[in-house]
Amino acid sequence: MFHAPPHFLNGRPPAPAGDPEFSVPVIDLAGARDDHDPEDASAKWGFFQIVNHGVPTSTQNKIKAGTHRFFNQDAEAKKEYFRAEPMSKVVYTSNYGLYTAPVAYWSDVILFNMAPEPPEPEQIPACIRENVQEFSEEISKVGGLMFELLSEALGLASNHLKEEMGCAEGMGLACNYYPHCPQPELALGITHHTDIGFITVLSQDHVGGLQVVHRGHWVDVPPVPEALVVNIGDMLQLISNDKFKSVEHRVIVNNVEPRVSTVCSFGNGFMLKSRMYGPIKELLSEENPPIYREISIEEFFFKSYKKGFDGNSYLPQLKL
Ligand SMILES: O=C(O)CCC(=O)C(=O)O
Ligand SMILES: [Fe+2]
């Protein structure tokens, strides 16, 4: 495991080693459904890892190899995919927090907005095309399952989030590449943030560097082979009326080897524009009044991007 230097702690100490309070929740999806209710982890951490989830390891490995292939090309080959704005089907960008993040992002990303309408196959770079299509199919099934489990964890019918609310209708798949960093004390891979969508399901490689905030401490998320990481995003915090909290996280870099991750965000700015999302009525009562006003996902994404990558979510601005 690599460690962030003290000036990157943002006043949060690293989690004490060996304290079971800080051991990251892992949910085994094999076996009886009742055994893997993610309610506790979603409410307390806003984050959990899942194992035995059905994205074959070979599918995860192939897209990571494709990510290395894409980013190891020279700039000339990559530049046709470069976009400065996020609302394209395929967006390659480098250091996207450059003008707004508190610390430069030591990372490159190629993002594919796969749902509701995927890009044309020829818009996806040939060196990663098949991998993107295969991973996207597999991760969509996992996303669907997560929405069922999270619906149940909220005490709703299992189809509520996916079918009733259309939470899985938009999906963005980001392939992140964190180059080896000669001076890791001067940069972060991605500075602290919460994810904007409903949930994020991600696959990390063996290198490590992802950290989440739990009870005011930075906790390393050690890579577990085959495991996927699930983050609660801001939109799920909004519709769950704070029952589930979006998790603050970041990626630290190292001077040993590059790292790649594959990150699927369920909920993107291409979703049905007229649909408004607010706290789910079934979760509200006199003792539990709505905390946030309704907003369309398009506006939420737009405002969150516009605000800049300053580490704060846009949610507080929607408080009633
Ligand atoms: O690379 C990772 O593990 C996390 C990346 C991330 O937080 C993001 O893309 O939003
Ligand atoms: Fe993230």
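Start by selecting Val201: leaving aside residues up to four places away in sequence, Val201 touches Ile139, Val142, Gly143, Met146, Leu228, Val230 and Cys264. Keep in mind as you click around that this is a predicted model.

Now widen the view to the core. Val201 is among the residues with the most contacts inside the largest nonpolar core, along with Leu228, Val230 and Met235. That core has 81 residues. Colour residues 129–153 next: this is helix α4, which gives the most to the core, with nine residues.

Next stop, the ligand. Which residues should you show as sticks around ligand 1? Pick Ala174, Asn176, Ile190, Asp195, Leu202, Gln204, Leu210, His249, Val251, Ser261 and Val263, which surround ligand 1. Colour that shell by type and you get six nonpolar residues, four polar and one charged. Then switch to cartoon and highlight β5 (171–178), β7 (199–204), β11 (249–251) and β12 (259–266); each of these strands supplies at least two residues of the shell.

Stay with β11 and bring up its sheet. Four strands make an open sheet here, ordered β6-β11-β8-β9, with antiparallel pairing. At the edges sit β6 (190–193) and β9 (217–220), each pairing on one side only. Direction ignored, neighbouring strands of the sheet are turned by 25° against each other on average.

Last, zoom in on β8, residues 210–214, where four bridges join this strand to β9, the two running antiparallel. Which residue of β9 is the bridge partner of His214? Select His217: that is the partner.

Technical notes
Residues numbered from 1 in each chain as written. Chains lettered and ligands numbered in written order. Predicted model: local features only at pLDDT ≥ 70, side-chain atom pairs only at ≥ 80, totals over all residues. Near = placed C-beta within 6 Å. Nonpolar A, V, L, I, M, F, W, Y, C, P; charged D, E, K, R; others polar. Core = buried A, V, L, I, M, F, W, Y, C linked by C-beta atoms within 7 Å. Buried ≥ 20, exposed ≤ 12 C-beta atoms within 10 Å, placed from the backbone. Contact = placed C-beta atoms within 7 Å. Pairing = 2+ DSSP bridges. Axes fitted to C-alpha atoms, helices over the stretch in contact; angles between N-to-C directions.
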